[in-house]
Amino acid sequence: MMPYTYILINFFTIIICFIASFDRRIQFNRFFGKFLLSSTIVAIPFIIWDIWFTSKGVWWFDLNYTLGFKIAGLPLEEWLFFYCIPFACVFTYYCIEKFYRPDWASAFNNLIVFTSFIILGVVGFLYYGRIYTLLTVIVTLLTLFYLHFIAQKEWIGKASLVYLILMPGFFAVNGILTGSFIPSPVVNYNPDHFLGIRMGTIPVEDAVYGYSQFLLNIYFFKKITKNEK
């Protein structure tokens with residue numbers, strides 16, 4: 001079963017959301033094509049980032065946990081990761097917004113953005129020599145700056161709330177990938193390139209990286225489906 005570890009992580013991440021997409025009350029299956037388009041737009045720069053970091057040894061993969069197929073230095077499962085995780089995230093956001101409408105969370109937009117700028121700015125300034133930390137800070141700050149000050153999106157608070165709701169899933173998926181519950185990590189990190197602060201086995205940068213990726217997936221999905229009811 002070891003070579004199926006990563007592919008099964010992707011499968012179990014997406015399968016419940018995929019089946020629920022066909023529920024007549026949800027009908028998220030109507031958006032499959034547009035989701036693939038929006039997630040591909042986001043995936044391209046993140047995959048380039050992934051390929052670069054893998055080639056430089058910032059992180060690397062234990063191929064014993066994969067099927068052994070590689071594209072541009074990345075396991076096939078890693079490519080699928082950039083669609084499976086966003087699918088579960090966007091689906092969850094779509095359902096929460098559709099059925100619960102947590103518009104009250106938008107009141108926290110300014111607080112979230114300015115707090116993030118202060119914390120991430122300080123971290124980036126102090127640890128600019130750690131490439132994973134620095135690039136994660138830069139990408140997240142640019143994402144928040146664009147969404148809040150240029151695009152002026154009012155849903156940052158709602159998206160941040162959903163991201164918090166998704167945290168148990170984040171800890172389950174990233175925990176396994178970084179070595180929780182299995183003998184060794186699927187993804188290994190060079191200690192010279194990140195803070196070394198872990199949440200269990202998960203580098204804290206992963207949570208911030210995931211947040212920026214999540215926000216961008218929501219942004220492009222909303223933009224592409226803006227005329228849909």
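## The largest pocket

In this predicted model, the largest pocket has a volume of about 710 Å³. Its lining is made up of 36 residues, and those closest to the pocket centre are Phe-81, Ile-85, Phe-170, Val-173 and Asn-174. Two or more lining residues come from each of helix 1 (5–20), strand 1, helix 3 (76–99), helix 7 (167–177), strand 4 and helix 8 (204–224).

Among these contributors, helix 3 gives the most to the lining of the largest pocket, namely eight residues. Sorted by class, the lining of the largest pocket comprises 24 nonpolar, nine polar and three charged residues.

## The second largest pocket

The second largest pocket has a volume of about 610 Å³, and 26 residues line it, with Ile-112, Ser-116, Tyr-163, Val-208 and Tyr-211 lying nearest its centre. Helix 4 (109–126), helix 5, helix 6 (156–165) and helix 8 are the elements that give two or more residues to this lining.

Helix 4 supplies the largest share of the lining of the second largest pocket, with six residues. By class, the residues lining the second largest pocket divide into 18 nonpolar, seven polar and one charged. Helix 8 appears in the list of contributing elements for the largest pocket and again in the list for the second largest pocket.

## Aromatic pairs around Tyr-189

The model holds 39 aromatic pairs. One of them joins Trp-59 and Tyr-189 in an edge-to-face arrangement, with 6.1 Å from centre to centre and 80° between the planes. Because Trp-59 belongs to strand 1 (residues 59–61) and Tyr-189 to strand 4 (residues 187–189), this pair ties together parts of the chain that are 130 residues apart in sequence. Trp-59 is buried, its relative accessible area being 5%, and Tyr-189 is likewise buried, with a relative accessible area of 11%.

Tyr-189 also pairs with Tyr-132: the ring centres lie 6.1 Å apart and the planes meet at 15°, so this pair is stacked. The Tyr-132 and Tyr-189 pair links distant parts of the chain, since Tyr-132 sits in helix 5 (residues 131–150) and Tyr-189 in strand 4, 57 residues apart. Tyr-132, at 2% relative accessibility, counts as buried because that value falls under the 20% cut-off.

## An aromatic cluster and a charge over a ring

Elsewhere, one aromatic cluster is formed by Phe-18, Phe-22, Phe-28, Phe-31, Phe-32, Phe-35, Phe-87, Phe-91, Tyr-94 and Phe-221. A further aromatic ring, that of Phe-99, has Lys-98 lying over its face, at 5.8 Å from the ring centre.

## Lys-70 in strand 2

Lys-70 has its place in strand 2 (residues 70–71). With a relative accessibility of 47%, Lys-70 counts as partly exposed, because this value lies between the 20% limit for buried residues and the 50% limit for exposed ones. When its neighbours within four places in sequence are left aside, Lys-70 is in contact with Leu-63, Pro-75 and Leu-76.

How values were computed: Residues are numbered from 1 along each chain as its sequence is written. This is a predicted model: local features need pLDDT of at least 70, side-chain atom pairs count only at pLDDT 80 or more; totals for chains, interfaces and linings use all residues. Side-chain values use heavy atoms; hydrogens and water are left out. Rings of Phe, Tyr and Trp (its six-membered ring) pair if their centres lie within 6.5 Å; planes under 30 degrees apart count as stacked, over 60 as edge-to-face and the rest as tilted. Helices (H or I, at least four residues) and strands (E, at least two) are DSSP runs, numbered from the N terminus. Buried means under 20% relative accessible area, exposed over 50%, partly exposed in between (1.4 Å probe, protein chains only). A charge sits over a ring if NZ of Lys or CZ of Arg is within 6 Å of the ring centre and within 35 degrees of the ring normal. On a 1 Å grid over the protein atoms alone, a cavity is a set of points where a 1.4 Å probe fits but cannot get out, and a pocket is an open set with protein on both sides within 12 Å along at least five of seven lines; lining residues have an atom within 4 Å of a point. Grid points are joined across faces, edges and corners, and a volume is the space filled by probe spheres set on the points. Ala, Val, Leu, Ile, Met, Phe, Trp, Tyr, Cys and Pro count as nonpolar, Asp, Glu, Lys and Arg as charged, and the others, Gly among them, as polar. Contact means heavy atoms within 4.5 Å.
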